Protein chains: 2
Amino acid sequence: MSPSPAPWIRFVALRPPSLKDNTADTDRLLTALKKELAAEEIDVDLDLLKQLPPVLRATDYRIRCTVFRDRRRWVLTGIDAFDALRPAAGIAVDLGTTRVVLRLIDLASGRVLGEHAFDNPQITIGPDVLARIHHADSPGGLKELNGLIVGGLNTAVGEICRTAGIEPRDICAVSVAGNTSMTHLFLGLEPRWIIREPYIPVVNRPGVLKAADLGIQVSPFARVLVFPSIGSYFGGDLIAGIFFSGLHRRPEPALLVDVGTNAEVVLGNRDWLLGCAGAAGPALEGGVTRMGMLAGPGVIDRVAIDPAGRRFDIHTIEEAPPIGICGSGVIDLAAQLFLAGMIDIRGKLVSAACGDRLCVIEGLRHLVVVPAEQSAAGKDLTISQADLDSLVRSKAAMYTILETIAMTVGLNLDELGTFYVAGTFGCFINPRSAIAIGMLPDLPLERYVPIGNSSLQGAALALTSENAVDEIDRIRDRITYLELNVNQDFMNRFSAAKFIPHTDVGRFPSVKAPQQ
Amino acid sequence: MSPSPAPWIRFVALRPPSLKDNTADTDRLLTALKKELAAEEIDVDLDLLKQLPPVLRATDYRIRCTVFRDRRRWVLTGIDAFDALRPAAGIAVDLGTTRVVLRLIDLASGRVLGEHAFDNPQITIGPDVLARIHHADSPGGLKELNGLIVGGLNTAVGEICRTAGIEPRDICAVSVAGNTSMTHLFLGLEPRWIIREPYIPVVNRPGVLKAADLGIQVSPFARVLVFPSIGSYFGGDLIAGIFFSGLHRRPEPALLVDVGTNAEVVLGNRDWLLGCAGAAGPALEGGVTRMGMLAGPGVIDRVAIDPAGRRFDIHTIEEAPPIGICGSGVIDLAAQLFLAGMIDIRGKLVSAACGDRLCVIEGLRHLVVVPAEQSAAGKDLTISQADLDSLVRSKAAMYTILETIAMTVGLNLDELGTFYVAGTFGCFINPRSAIAIGMLPDLPLERYVPIGNSSLQGAALALTSENAVDEIDRIRDRITYLELNVNQDFMNRFSAAKFIPHTDVGRFPSVKAPQQ
């Protein structure tokens with residue numbers, strides 16, 4: 001079937017009833033729609049049935065149907081006149097632990113009508129998944145966490161619709177990609193067994209659900225596609241990322257890495273997919289280094305240091321006065337510090353090179369990135385030796401995981417044709433910097449494809465792709481999850497990777513390490 | 001597939017999760033259940049998913065599942081321990097315009113746990129379908145009518161469960177058979193186009209719905225199978241009747257007639273089905289003759305008149321003092337009056353034969369069936385000449401319809417191997433009496449199979465039959481609806497049938513008409 005630009009909007013003109021053809025309204029509509037969709041079954045909510053007789057007669061039996069699909073079933077999600085003025089829209093959601101991002105899409109044109117992000121309000125309960133899951137065990141805890149995210153989403157939906165000038169009831173399709181724990185809290189499912197051996201989610205394939213059942217205030221007939229997960233540690237956000245990257249459709253092996261608290265990696269091609277996830281340490285995530293934060297105006301996303309004069313050229317989002325730094329900014333900063341000789345191969349600040357940018361706060365050496373007088377935070381923006389140590393461990397973990405997954409299938413990392421780099425922090429990771437610190441392998445830069453928030457992108461793609469559910473299911477079913485076996489070999493590789501760029505500098509020919 | 005005695009109850013023992021097998025709870029259960037059911041898809045309500053983790057762990061992964069089926073989809077409607085004490089029950093409903101009958105069934109054994117009937121509370125709005133449909137057009141009218149029947153059903157469900165000692169939440173399957181209009185009012189669907197040319201229902205195949213969506217207070221996960229209809233004048237009650245009779249599975253042609261306000265007739269075999277419905281007049285329905293009523297204690301259901309002494313031998317339900325007469329009682333009475341020479345071949349009361357049983361009330365001749373002193377009504381129970389005239393028209397209409405449908409396929413009525421007689425008035429029609437007045441053809445009595453309330457029976461059968469939905473669908477799809485063309489030929493046949501038993505007495509050799 002050739003892809004339709006607007007798979008969820010279909011026009012059907014029915015022959016009006018007569019004494020010779022007195023088929024019931026619903027059967028009349030569904031027969032025509034089944035033909036149009038080549039569908040065997042179409043679900044219709046009872047409350048939508050109730051609207052059918054007046055709408056059919058008012059529109060002279062010429063109907064714009066909005067539909068959605070759940071594997072072999074289609075669902076009718078709305079009916080209106082051929083020339084209805086009301087738009088039919090969809091909302092894609094990246095359901096992050098820290099940040100939730102929504103994208104509003106016009107289903108007729110595929111056009112993006114707006115984006116909106118907000119901090120996951122569950123942060124008030126706990127900053128990380130673990131704290132929230134423990135809270136869910138307390139009486140009323142799960143309900144509270146569920147209410148927070150559903151309420152936050154409803155507020156955001158109201159916001160994004162107001163800005164775009166449409167009504168929430170015009171939204172008839174929603175897709176949600178999140179990690180397994182966030183998905184459970186969103187669905188109101190008990191997450192307690194996710195974090196307890198043997199780590200069992202309640203559900204891996206929530207499928208397509210009714211928005212109303214989830215408390216999401218959009219059209220009462222809207223459906224919500226919830227991305228499936230592989231297990232407790234490989235969630236729908238990653239499946240969305242693979243779906244968006246198209247890695248699963250390519251003949252040659254490619255790799256997708258999503259850089260966050262966990263290093264989440266998928267290696268594969270159209271025939272096989274191997275996934276793994278491992279703790280990469282918190283240093284890469286905004287909000288962990290004291291100065292770190294999520295993308296937003298004034299957040300440092302790019303850093304250049306002139307190696308000769310060691311002048312810092314700081315770029316911030318929207319070029320606003322600097323207030324902090326995001327994950328990709330930290331990687332850029334570390335790379336530039338290394339290339340300027342201001343940190344050594346172990347990631348330690350080099351006093352001679354740092355000069356008066358060095359200071360000691362609470363007994364810990366810090367480097368001043370932006371002095372107080374240039375910062376919008378009202379104080380020096382600094383990065384501490386502890387932050388840098390943490391970053392080095394994180395990048396070493398990441399590289400080791402990449403090395404391990406490639407080894408498992410007998411590939412060298414430099415054999416990869418494409419290397420997709422996703423980052424859910426809103427800033428794009430600069431592959432050159434990630435290579436410079438030895439976090440990513442030293443491939444020709446053109447093989448790196450930054451895909452940004454691939455979870456959101458995948459969720460959005462599902463709203464314009466007729467076969468999304470099947471394709472997503474196939475991705476899920478094809479992934480082999482590689483349990484990282486942290487044995488002596490792994491630890492040896494990890495130790496070797498704890499240098500910048502690596503103990504074996506021959507692996508990073510493009511990185512011109514300064515003389516020390 | 002061989003029929004299971006309890007298709008909706010399945011036991012699955014799951015391998016408990018381990019690090020080597022960390023499938024999610026839902027996927028673990030559904031994989032096993034799909035295998036057990038040979039099902040491709042199983043729906044589970046989100047709120048049932050929420051119950052899964054504690055139930056699985058408390059039962060050591062040995063689960064009694066209650067399920068239901070909707071064409072190619074199965075639905076999980078409940079989970080409990082292998083040795084759960086709570087029963088799993090179903091309720092079959094005959095949704096009559098006048099009377100609603102419920103039957104409670106134990107899904108494990110198929111045993112009937114109880115029956116309960118109540119007057120359709122919509123009678124307060126209007127006694128017949130037409131009055132109610134007009135009321136549904138008024139503001140709030142449809143909601144009111146829907147609330148009346150749903151409320152009535154909920155009260156009845158409470159009643160029947162209390163008597164049987166179970167809880168409404170133990171009911172996980174419901175089946176409802178009613179005519180097209182009653183079905184619409186039950187579903188809250190606008191019935192206005194059913195009675196307006198070209199007579200279009202909102203839906204002919206409501207399918208399997210959630211009890212909760214319909215406001216039926218049983219298990220929140222219960223499903224309701226609503227019998228499909230052919231059109232405005234051929235409803236789910238008839239399809240249920242066919243389903244129960246098994247007419248659609250037999251090689252030789254058989255006929256099913258449901259005697260009520262409408263004469264509803266189905267003729268066919270396993271290859272073809274022809275249905276028609278025509279107004280048979282109100283005389284056959286309880287509540288129309290002044291003394292007429294629905295079945296209940298004290299209602300006359302059998303009458304014998306000794307032709308010599310013209311003594312009346314009256315039988316009442318539960319042998320209680322007589323209070324009225326039901327439809328089958330009226331037919332019995334008319335037959336006996338005719339055979340005793342008390343009415344003539346035109347249905348007129350014969351003064352000489354009736355003697356002092358004759359009286360005149362408000363200028364109209366009446367026959368006293370039960371004198372006041374023997375009646376529990378405190379007055380004479382009588383049948384008027386007008387009642388008898390009406391009965392004669394009704395029986396003539398019925399016979400003409402039977403003749404017409406048989407002629408349409410080139411059959412003589414005496415070629416029918418089996419003749420199913422359904423009556424929804426609770427009393428069984430005595431075929432001998434129906435033959436005596438010429439309402440039914442003069443076949444050998446053994447070909448008549450009275451099947452009572454076949455709508456209720458069909459609804460009940462659906463609750464113990466795994467393939468009911470498919471079979472019911474196939475029945476629906478196979479029926480050709482014969483529009484009765486009331487032309488001169490029809491009128492001629494009707495006129496000929498307006499005699500007792502018929503103008504052509506040769507057609508009724510078994511009826512020994514008295515000399516007049």
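**Two helices that meet, and two chains that match**

In this predicted model, helix H10(A) touches helix H14(A) through a whole set of side-by-side names: Arg393(A), Ala396(A), Ala397(A), Thr400(A), Ile401(A), Glu403(A), Thr404(A) and Met407(A) on the H10(A) side meet Phe490(A), Arg493(A) and Phe494(A) on the H14(A) side. Sorted by class, that contact is made up of 6 nonpolar, 2 polar and 3 charged residues.

How do the two helices lie? H10 covers residues 385-408 of chain A and H14 covers residues 488-496 of chain A, and their axes come within 8 Å of each other while crossing at roughly 130°. An angle over 145 degrees would count as roughly antiparallel, and 65 to 115 as roughly perpendicular, so H10(A) and H14(A) are oblique to each other. As for handedness, the crossing of H10(A) and H14(A) is right-handed.

Over in chain B, helix H12 takes in residues 454-462. Of its 9 residues, 7 are buried, so H12(B) is largely enclosed by the rest of the structure. The buried ones are Ser454(B), Ser455(B), Leu456(B), Gly458(B), Ala459(B), Ala460(B) and Ala462(B).

Now for the chains as wholes. Two copies of a chain are related by a rotation about an axis and a shift along it. Here, a turn of 180° with a shift of 0.0 Å along the axis lays chain B on chain A, with an RMSD of 0.0 Å. The two copies are therefore related as by a two-fold rotation axis. Both copies also use the same surface, since 100% of the contact residues of chain B turn up again in chain A.

Definitions and conventions
Residues numbered from 1 in each chain as written. Chains lettered and ligands numbered in written order. Predicted model: local features only at pLDDT ≥ 70, side-chain atom pairs only at ≥ 80, totals over all residues. Heavy atoms only, no water. Least-squares fit on C-alpha atoms with pLDDT ≥ 70 in both. Contact = heavy atoms within 4.5 Å. Buried < 20%, exposed > 50% of the residue type's maximum accessible area, 1.4 Å probe, protein only. Helix = DSSP H or I, 4+ residues; strand = E, 2+ residues; numbered from the N terminus. Axes fitted to C-alpha atoms, helices over the stretch in contact; angles between N-to-C directions. Parallel < 35°, antiparallel > 145°, perpendicular 65-115°, else oblique. Left-handed = near helix turned anticlockwise from the far one by under 90°. Nonpolar A, V, L, I, M, F, W, Y, C, P; charged D, E, K, R; others polar.
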